[in-house]
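Please open the structure in your viewer and keep the selection panel at hand. This tour goes from one selection to the next, and at each stop it says what is there.

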Amino acid sequence: MSKRWTASEVRQTFLEYFRAKGHAIEPSSSLVPDDPTLLFTNAGMVQFKKLFLGLEKRSYTRAATAQKCMRVSGKHNDLESVGPSPRHHTFFEMLGNFSFGDYFKREAITFAWELLTEVYGLDKDRFHFTIFKDDEESFRLWQEIAKAPKERIHRMGEKTNFWMMGDTGPCGPNTELIWDRGQEFCDCKRPDCSPALDNDCNRWFEVWNLVFMQFNQESDGTRTPLPKPGVDTGMGLERIVAVLQNAPSNYDTDLFQRIFEGLRELTRHSREQMHQHYVPYRVIADHGRAMTFLIADGVLPSNEKQGYVLRMIMRRAIRFGKKLGLPTPFLPQVAQLVIETMGEHYTELKAQKDLILKAVAHEEERFERTLDQGLERAEKIISELVRKGERLIPGPEAFFLHDTYGFPVEMLEDIAREHGMHVDRAGFASEMEKQRARSRGAEPRVTERAIAPRHTLPATQFVGYHTVEHSSELLFVEEELLVFAETPFYAEAGGQVADTGWIENLSRTGRAEVLDTQKDERGVYFHRVRVLEGEFRVGDQCLLKVDAERRARTMRNHTATHILHASLRRVLGYSQGIQAGSLVAPDELRFDFKHLAPLTPEEIAQIEELANRAILADLPVTIAEEPIESAKARGAMALFTEDYAGKEKVRVVTIAPLPGEEQPFSVELCGGTHVQRTGQIGLFKIIHEQSVAAGIRRVHVAVGENLLEYLRKRESVEHQLAQMLKTSERELTAKLEALLTAHEALLRERDALKRRLLLQEKDRLVQRRQRVNQASWVCARLDLPLEDLKMLADWIEWEIAPGVVLLGGAGDGKAALVCKVSEALTPKLHAGQIIKALTPMIGGGGGGNARFAQGGGSNPHRLDEALQLGEEQIRARL
């Protein structure tokens, strides 16, 4: 094979070859099939299904296509393999030729063999063939037409080589042409590596599958011959192009490389860095092709059917883009690259270009608004489960992420796998079914299904900046979710947790506890409740009461976050915002910021001093709505979790200047709730600082009641320590210093005594050494710690040189061995080899170099036996 084939040439050559063989060349059908049993077109034969079933007639009896296909749902679902696998895709092209009662096995095998070997020029000796175990005709034809040796024709079972359209209907054996990529691609490492093993070894590429529909399966399992047997073949374009271009993977062909290069320009990665991050590159390229073709075929992101899958793969690509650090939005650029790569053959891509780019940009911007919150919530759920020692994410939690943050469960499964966990899909499906039941009109016990669907609800008016109690009309009820026209409940956003509280029904008996409040991208506030009494119906007038004490503690922490951010920037010398994340809760203030080094004690002290100055000065905190440009001109910074794109006015939180200064202490764009004056916060204390990622530090801060609680706990610990040490809390430090000094003196005394004892032991062993040919050796068991054995070996070897020392010890159910060999004896003896030979006897392992080695094991009972064998080996070699 000398010609360098492009993907376009491969596709066009296939179609022209079959045109010359009398086949009608049909255009690809849509990815959305005219078939209620299928979500997507997943094979070339889908558009000919009625022909095969005899329900339709056309002017031809043989045809060929290059068909767009999706395999991301149902039985054919390659989603999890996309990225790690070199040959799996969600979207791919299937080249196929079909016979509707015209030709059969001989012609189909001849066409395939001639095209692959005579036209494409592939090496005949690198093909293997699989057949159904009882298909004697195909067995003979491969020997006759391809001159294939019998050992390269593999008989397989029904699982791989018998095709069925369904439980009943047309079916028949199939035969596959398998390309041997070479021994260097084998990853099963079996000496008998072969396609017959069917173990998905990377050495073997299934290039073409020929299906021979010759039977009709009845409901009782019997099979009768069809009056007009048919042929349905499929050859993945991506795979045959990889073979013809001698590419290590499908992604290393010209079908993908243009997209990869475009992504590399965005990431500024070198080629080596791109190869190190190959999984995200592959996922984005594959999903980018799928989304572009789906939108061109009229599918738009939604929560139903094909639209759900489109949204899911786009959001999965966005998450992998985030892992690569791609600037957003980046998917429109990926779509543009797909259009440029494939638009010549698939002209619908160019015709629908504007729609594709707009739809992609809109969905990415929409999801970006909730992605960080969703990722944070997912990580929180996983951390809590890991803390409990659990590995299964419950279905209700997965559904909450899906329903609240638009997290596809498939994306959550990606994250779960990265943490060695998995998702309760059955539980998730159960929650989804409950929602569908609600959508069909099923009513919960004490609530009524809302007339209006979610997407028609108006944005909720938030009145909670000025009040914590408000009456409003109930607009929507769905099991535990309530939506009102107005609400004082703050919905989780900007790092601030949601309000909780209570709802009282003023129209009828009804009382509920508000457990959580979330808002969607349209600004609709969903109150998750636990009904305590009575019922709630759409149209009811209700009194909404926020837990005021909890809100007040959250407000103190939120304003403290702004003070912390400003103090960090001043002390560390940053002119721009450095926030990378935050959690503002009533009982916790956690702040992540971009900084390369740990905070020093001096820096922490300076930050605390500055923050407390701002608090004790009782500075006014003002909040105003103003045009975003004027806010930016005043130096206002937007925190990372907020989205202000397209907003005419923004909410600006300003903390007044410190006494003697002109510039405000802090100016931030923020939608959270805040105190009116900084003095309401109370004192400020950094209680913990740590690293959470490369270049990201995290501080935990206590203020107000939380600081008081923290100090009380510290005081209690100090009191307990003072009691234990029989001293006063004031004298605690002096007492500890005295104890530590005494302890260190005792340690020095112990070490000196141990050294004297070890030296005595050394002298005893040197006296008992054995000699042969002007060399000495010492072999002994001393149940001492490993470090002591190593020290003794060094001392003894120095005194008996040239010599060999082999020592063993046992303790706490474990055994240890050390060996030291003099330089002059290393041509005869190798310490590392001695230890490697002996440690299996004590149930472990070890090693080292020629001069010194050590090892250990969990079976001390055979230590004496190991030492005896070692001594025999040393004596024999000396």
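Which residue in β21 is the bridge partner of G501? Keep in mind, as you look for the answer, that the model in front of you is predicted. Select G501 together with β21, and you will find that the partner is V546.

**First stop: the barrel**

Stay with β21, which covers residues 541-546, and add strand β18, residues 501-505, to the selection; the two run antiparallel and are joined by five bridges. Moving along to W502, you can pick out K545 as its bridge partner in β21. Now add strand β19 (residues 510-519), which pairs with β18 in the antiparallel sense over four bridges, and notice that G501 stands opposite V514 in this strand. If you follow the chain from β18 to β19, you pass through a hairpin of four residues that joins them.

Widen the selection to the strands β15-β16-β20-β19-β18-β21, given here in their order in the sheet, and you have six strands that close into a barrel with antiparallel pairing. Neighbouring strands of this sheet are turned by 45° against each other on average, if direction is ignored. Helix α14 (residues 395-405) packs on the sheet, where it touches β16 (481-484), β19 and β20 (525-534), and its direction makes about 70° with that of β19.

**Second stop: an open sheet**

Next, select β22, β23, β29 and β28, which in this order form an open sheet of four strands with antiparallel pairing. The strands β22 (579-585) and β28 (684-693) stand at the edges and have a single partner strand each, so one side of each is left without a neighbour in the sheet. In this sheet, neighbouring strands are turned by 15° against each other on average, again with direction ignored.

Look now at β28 and β29 (residues 696-703), which pair in the antiparallel sense over eight bridges; one place to select is K685, whose bridge partner in β29 is A702. Then show helix α17 (residues 548-572), which packs on the sheet and touches β22, β23 (588-594), β28 and β29, while its direction makes about 30° with that of β23.

**Third stop: two helices and a salt bridge**

Select helix α9 (residues 278-296) and helix α10 (residues 305-324), which pack at an angle of about 150° with their axes 9 Å apart. The two helices are therefore roughly antiparallel to each other, and α9 passes α10 in a left-handed crossing. Among the residues that meet here are Y281, I284 and M291 in α9 and I313, R316 and F320 in α10. By class, the residues of this contact divide into 15 nonpolar, two polar and one charged.

In the loop between α9 and α10 you will find D297, while K68 lies in strand β2 (residues 62-70). The side chains of K68 and D297 meet in a salt bridge, at 3.0 Å from N to O. This pair ties together parts that are 229 residues apart in sequence.

**Last stop: another pair of helices**

Finally, select helix α23 (residues 831-838) and helix α24 (residues 863-877), whose axes come within 10 Å and cross at roughly 140°; this crossing is right-handed. To see the contact, show I834, A837 and L838 of α23 with A866, L869, G870, Q873 and I874 of α24, a set with six nonpolar, two polar and no charged residues.

Notes: Residues are numbered from 1 along each chain as its sequence is written. This is a predicted model: local features need pLDDT of at least 70, side-chain atom pairs count only at pLDDT 80 or more; totals for chains, interfaces and linings use all residues. Side-chain values use heavy atoms; hydrogens and water are left out. Two strands pair if DSSP finds at least two bridges between them. Axes are lines fitted to C-alpha atoms, for helices over the stretch in contact, and angles run from 0 to 180 degrees between N-to-C directions. Contact means heavy atoms within 4.5 Å. A crossing is left-handed if the near helix is turned anticlockwise from the far one by less than a right angle, and right-handed if clockwise. Ala, Val, Leu, Ile, Met, Phe, Trp, Tyr, Cys and Pro count as nonpolar, Asp, Glu, Lys and Arg as charged, and the others, Gly among them, as polar. Angles under 35 degrees count as roughly parallel, over 145 as roughly antiparallel, 65 to 115 as roughly perpendicular and the rest as oblique. A salt bridge is a side-chain nitrogen of Lys or Arg within 4 Å of a carboxyl oxygen of Asp or Glu.
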